Amino acid sequence: MKKQRIVENVEIVDIGAKGHVIGKKDGVAYLCRDAVPGDVVTLQLGRNKKGMKQGRVQEITKLSDLRIDPKCAHFDYCGGCNWQNMDYAKQVEFKERRVKEQLRRIAGLQGFEALPIMGSKEIYEYRNKLEFTFVNQRWLTPEEIGTGKEINDKRAIGFHVPGRFDWVLHVDQCHLLDDSHNRMRNFLFDKARELDISFFDPKDKTGLLRNVLFRCNRKGQWMVLLVTQKDNKECEALSDAFLKEFPETHSYWIIENSKVNDSFSDCPARLYHGEEHIVETFNRPDGGGSVDYIIGPKSFFQTNSNQAERLYEIVYRWAGLTGDEVVYDLYTGTGSIALYVADKSKKIVGVEYVPEAIEDAKKNAELNGISNVEFYAGDMKDVLTAEFVAQNGKPDVIITDPPRAGMHEDVINRMLEAEPKRIVYVSCDPATQARDIKLLSAKYELVRIQPVDMFPHTSHVENVALLEIKDSRQ
């Protein structure tokens, strides 16, 4: 049997993607988890991945000065907030540096204006949505196993342990969403056990209760989605008890999911109580009014409302609209950015892959009385053709907010052919954004970037980039 190598005195020097950190020793870089910059660790090496040596922290021999005590009691095992044990000011400092380095290293660009990262004013209870899993056999922590005591009731409601679909960590309190959801979740857990309702078994796919999802808006309205194997009387008994305890619930749904996986976007949903949706309102800057967004049980919406509004303000200003422009909003989702900038546009054309999202976009347009928008559903590389541009008008400005994988090269080529004066590129992955900007640099100059931290205590960072066509800047 091949012995795994041990490397001692590896200094953690930077953050990486997906919760990883980067360590160095003797000029060699290592990728690992469960450490923060400034730690010195001993690594047990595993397989190399994509040319990077990967390891598991076996021991931390020196603790970083950046470490703080995490607020959450579940921090050691949850995996949702990788850096809750690191000072927040340092978190955003590392994120800002990562964005700039990727643009310089991957895109090979220099000379652009790099604005300081926009940190989140709210570093706890900043989310508007969380989903929890019911399970009949929860994951036991090493401390629980170490006691040697037998635990008879292993039912739980919580989060999946990183990397394991069948392991769920029971969660008593989560600090990511308004504290009201903790009372709601714990009530459901206790009442379901009292009523002796079966919890889901992820291995043999039995048990009634599967998931519960909580959504809220900044007005304090709550939407609750109870996801079950079958919509039956037991679900109604639990739901009635919940609504008696929390009569202020604005919208309550029962969703029947009998599939193997937890995705319920294609599952039947029944409005059990209240309104079909909640509404979030974003204010435009400079007295530009506001936009209302309908959030239904299956709607996509940015999960940090306060930071999303701040990000939209950046796009609104950087688009440089005067009211005479044709604007394309690519990967428009539910039309959130398109509708936000519509008051300064002659015409907005939104394109999105998911047909249901486009239907939500149209509802939001109608809700706000916005008539200068047109939405199309389809694969971006197939929709955005020369014929499409000829039909809808040449864009003066393109706003693009693609998924983590970035844009298909065909889409980039179509953008280069269309030659808008300005491109505002919003990205949730600065690495793929840098790759795309490198291709766009054939005709465009990167003028300015603004990193935005949407998810404190995680490795995720958004970046807004402003590109202007080179001829217009000569």
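Which residues form a positive surface patch? In this predicted model, the patch is made up of Lys-18, Arg-33, Lys-49 and Arg-404. Arg-404 sits in the loop that links strand 19 (397–400) to helix 11 (409–418). With a relative accessible area of 38%, Arg-404 comes out as partly exposed, because that category runs between the 20% limit for buried and the 50% limit for exposed.

Now for the chain as a whole. It has twelve helices and 22 strands. Its radius of gyration is 24 Å, close to the 23 Å that the globule rule gives for 474 residues, so the chain is as compact as a globular protein of that length. Taken along the principal axes, the C-alpha atoms fill a box of roughly 75 × 60 × 40 Å. As for burial, 53% of the 474 residues are buried.

Next, a look at the backbone. Most residues other than glycine have a negative phi. Asp-34 goes the other way, with a positive phi of about 60°, and Asp-286 also has a positive phi of about 60°. Neither residue is a glycine. Here is where they sit:

| Residue | Phi | Loop between | Relative accessible area |
|---|---|---|---|
| Asp-34 | about 60° | strand 3 (28–32) and strand 4 (40–45) | 66% |
| Asp-286 | about 60° | strand 14 (278–283) and strand 15 (290–295) | 65% |

Are these two buried or exposed? Asp-34 counts as exposed because its relative accessibility is 66%, and Asp-286 is exposed as well, at 65%.

Note on methods:
Residues are numbered from 1 along each chain as its sequence is written. This is a predicted model: local features need pLDDT of at least 70, side-chain atom pairs count only at pLDDT 80 or more; totals for chains, interfaces and linings use all residues. Side-chain values use heavy atoms; hydrogens and water are left out. Patches are made of residues with over 30% relative accessible area and no salt bridge: like charges are joined within 9 Å, nonpolar side chains (Val, Leu, Ile, Met, Phe, Trp, Tyr) within 5 Å. Accessible areas come from the Shrake-Rupley method with a 1.4 Å probe; for residues, only the protein chains shown count as cover. A salt bridge is a side-chain nitrogen of Lys or Arg within 4 Å of a carboxyl oxygen of Asp or Glu. Lys and Arg count as positive and Asp and Glu as negative; His and the chain ends are not counted. The place of a charge is taken as NZ of Lys, CZ of Arg, CG of Asp or CD of Glu. Helices (H or I, at least four residues) and strands (E, at least two) are DSSP runs, numbered from the N terminus. Buried means under 20% relative accessible area, exposed over 50%, partly exposed in between (1.4 Å probe, protein chains only). The radius of gyration is taken over C-alpha atoms; the globule rule is 2.2 Å times the number of residues to the power 0.38.
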